[in-house]
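I opened this one to see what its aromatic residues are doing. My notes follow in the order I looked things up.

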Amino acid sequence: MATQHATERGGLEFTEELTSADDDILTADACAFLCELVDAFADRRDALLSARADWQAKIDAGALPDFREDSKAVREGDWKVGALPADLLDRRVEITGPTDRKMVINALNADVKVFMADFEDALSPTWRNLIEGQTNLRDAVNRNISFEDPKSGKSYALGDDPAVLIARVRGLHLDEKHVLRNGKAIPGCLMDFALYFLHNQERLRKNGSGPYFYVPKLEHYEEARWWNDVFVHAQNKVGLPVGAIKATMLIETLPAVFEMDEILFELKDHAAALNCGRWDYIFSYIKTLKAHPDRMLPDRHAVGMDKPFLDAYSRLLVKTCHRRGALAMGGMSAFLPAKTPDQDAANKEKVRQDKQREADNGHDGSWVAHPALAEVVNAVYSNAFKPGATNQLDVSRDNDGEIAAAHLLAAPEGPFTDEGLRNNIRVAAQYIEAWLGGLGAVAIYGLMEDAATAEISRASIWQWIRNGATLSNGEKMTADYFRKVMAEELEVVKSEVGEARWNAGRFDEAAGLLEHLCVSEAFDTFLTLGAYEKI
């Protein structure tokens, strides 16, 4: 419900204080457009979320995901997505990150083809983060963004040849609690989409690009149909032809891997690519199959893309995309530059091997979290492409044979270790604490952690407790053992960050939320839902 301090503007109620700087983003036209979208699509969004829950209840009752019989004709049909624009034909390296001003400039200036500006897993959705993020992207599109770092005194400005900009909006499940329509929180994804599209589509086209989006966490093709209707409505509103919007859909849920053809079909005028969102996909595997003890995943760091179920996922995505004329994007490398030359070289070699596997499978490009890794990934994909080519659309994988449901669902072998448990606790606790403090992408133990990797950490603990996993040290995983180990590991974190940082932070809140997520009888679908109520 609206608070007594809510500000009404253009049919919307804002429960956070609006500043004069917000006026350029929350214009009358923007508010009216957002109201239109909410009125037309919010109720359908709610129905789609209910359908997700109904589908999941069947899996919890013993069924397994499979390819849908009602859409078999789409999978077997001969059709392709719309033509790709010139600036989306070469995506060999993409960098991802949140929308703070310095990040936006550095990412667009990096030696990459695309910057995915993230309003989702790499961003903590505080009101200021969201609105200032929209301002930063508008300034970047208008080529007048700059930044003076008050800490270092350094100045940052956009270069002459910035990367292609793609905005990732929030998933369907996330509301925007600071904006109400008729007393009800609006879908966060509609706010992210509406503001970015309305303010930037005209200038993007003048720049020789277009309004491009990453769409996360789809589960079923009906959700892709919903997004297609949103895109058509928006294009009609401003007089753009259908297909001016191009979207890359993340295949980062287990249900979606069985509906990739259908997702492309529903969005075929707007579809540019599918992406292997590997970290969320691993989380979704745990979440979807949580009631199936024979599908328990081992230590997080033992579940790499070389595992058969993940390799099958990668190959099927490539085969599906290239058959339909869409690009097939690889996943995130979470490594960061290391402090010592030897460790830095070792990290880069791990990245190279991972990206070589993707390129060998036929992917057209991949993600990095830091500009220093762009050179490694550029080299891998440039060597994989045929002379003069900018992608691998010619790789069909038709000789793979059938990739069946059994291949996609096969649980990998691997250890269940006490150290894996401890690492999960330290990572999840520190990430949740940072998220509560307004940071969505956090460097922890040499890796860039975002919401997806924290989700894996807490979901693994829940699954191990639920199924009574026996750890390699002989301990049986129970809620009590988890609490004992968590108390020990929080002391480790406290010693690592220091007394002052610990006392100034929100570690007690983070620990309480983590404990709830790991030991509750019911599985919380997303950790960010509960955490969002605390920011």
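I started with the aromatic cluster. One cluster takes in Phe33, Phe41, Phe193, Tyr196, Phe197, Phe213, Trp226, Trp227 and Phe231. Worth keeping in mind throughout: this is a predicted model.

**Aromatic pairs.** I then ran the search over the whole structure, and 23 aromatic pairs came back. I looked at Phe193 with Phe197, which is a stacked pair, with 5.4 Å from centre to centre and 15 degrees between the planes. Both residues sit in helix α5, which covers residues 188–206. They are 4 residues apart there, about one turn of the helix. I checked their exposure too: Phe193 is buried at a relative accessible area of 0%, and Phe197 is buried, also with a value of 0%.

Next I asked how the rings of Phe193 and Phe231 are arranged. Their centres are 5.6 Å apart and the planes make 40 degrees; stacked needs under 30 degrees and edge-to-face over 60, so I noted this pair as tilted. Phe193 belongs to helix α5 and Phe231 to helix α6 (residues 221–238), so the pair ties together parts that lie 38 residues apart in sequence. Phe231 is buried as well, with a relative accessible area of 0%.

**Overall picture.** I stepped back to look at the whole protein. I counted 19 helices and 16 strands. The C-alpha trace spans about 65 × 60 × 50 Å along the principal axes. Does the radius of gyration agree or disagree with a compact globule? For 535 residues such a globule would come near 24 Å, and the protein has 22 Å, so I wrote down that it agrees. Of the 535 residues, 59% count as buried.

I also looked at how far along the chain the contacts reach. Taking contacts between residues at least 6 apart in sequence, 77% join residues at least 24 apart. On the surface, I got about 20,600 Å² exposed, and carbon and sulfur atoms supply 49% of that area. For the charges, I compared the mean position of the 61 positive ones with that of the 84 negative ones, and the two are 2 Å apart.

**Helix α3.** I wanted to know which residues of helix α3 (residues 101–109) are buried. My list reads Met103, Val104, Ile105, Ala107 and Leu108. Then I looked for what covers them. The cover includes the strands β3 (93–97), β4 (114–118), β5 (146–148), β6 (155–157) and β7 (164–168), along with helix α4 (127–141).

**Thr135.** Having met α4 as part of that cover, I picked Thr135, which is in helix α4. Thr135 comes out at a relative accessible area of 17%; the cut-off for buried is under 20%, so Thr135 counts as buried. Leaving out residues up to four places away in sequence, Thr135 touches Ile25 and Arg101.

**Tyr431.** I moved on to helix α14 (residues 418–436), where Tyr431 lies. Buried or exposed? Tyr431 is buried, with a relative accessible area of 0%. I listed its contacts, ignoring neighbours within four places in sequence: Asp121, Gly440, Val442, Ile444, Glu449, Asp450, Ala451 and Ala454. I also took a C-alpha distance from Tyr431 to Arg458, which is 27 residues away along the chain, and got 11 Å.

**Positive phi.** Last, I looked up two residues that have a positive phi without being glycine. Lys217 has a phi of about 55 degrees. Where is Lys217? Lys217 is in the loop between β10 (212–215) and α6. I found Lys217 buried, with a relative accessible area of 4%.

The other is Tyr445, with phi near 55 degrees. Tyr445 lies in the loop between β15 (442–444) and β16 (447–449). I put Tyr445 down as partly exposed, at a relative accessible area of 40%.

How values were computed
Residues numbered from 1 in each chain as written. Predicted model: local features only at pLDDT ≥ 70, side-chain atom pairs only at ≥ 80, totals over all residues. Heavy atoms only, no water. Helix = DSSP H or I, 4+ residues; strand = E, 2+ residues; numbered from the N terminus. Rg over C-alpha atoms; globule rule 2.2 N^0.38 Å. Buried < 20%, exposed > 50% of the residue type's maximum accessible area, 1.4 Å probe, protein only. Contact = heavy atoms within 4.5 Å. Areas by Shrake-Rupley, 256 points an atom, 1.4 Å probe, with all protein chains shown as cover. Lys, Arg positive; Asp, Glu negative; His and termini not counted. Charge placed at Lys NZ, Arg CZ, Asp CG, Glu CD. Phe/Tyr/Trp six-rings, centres within 6.5 Å; stacked < 30°, edge-to-face > 60°.
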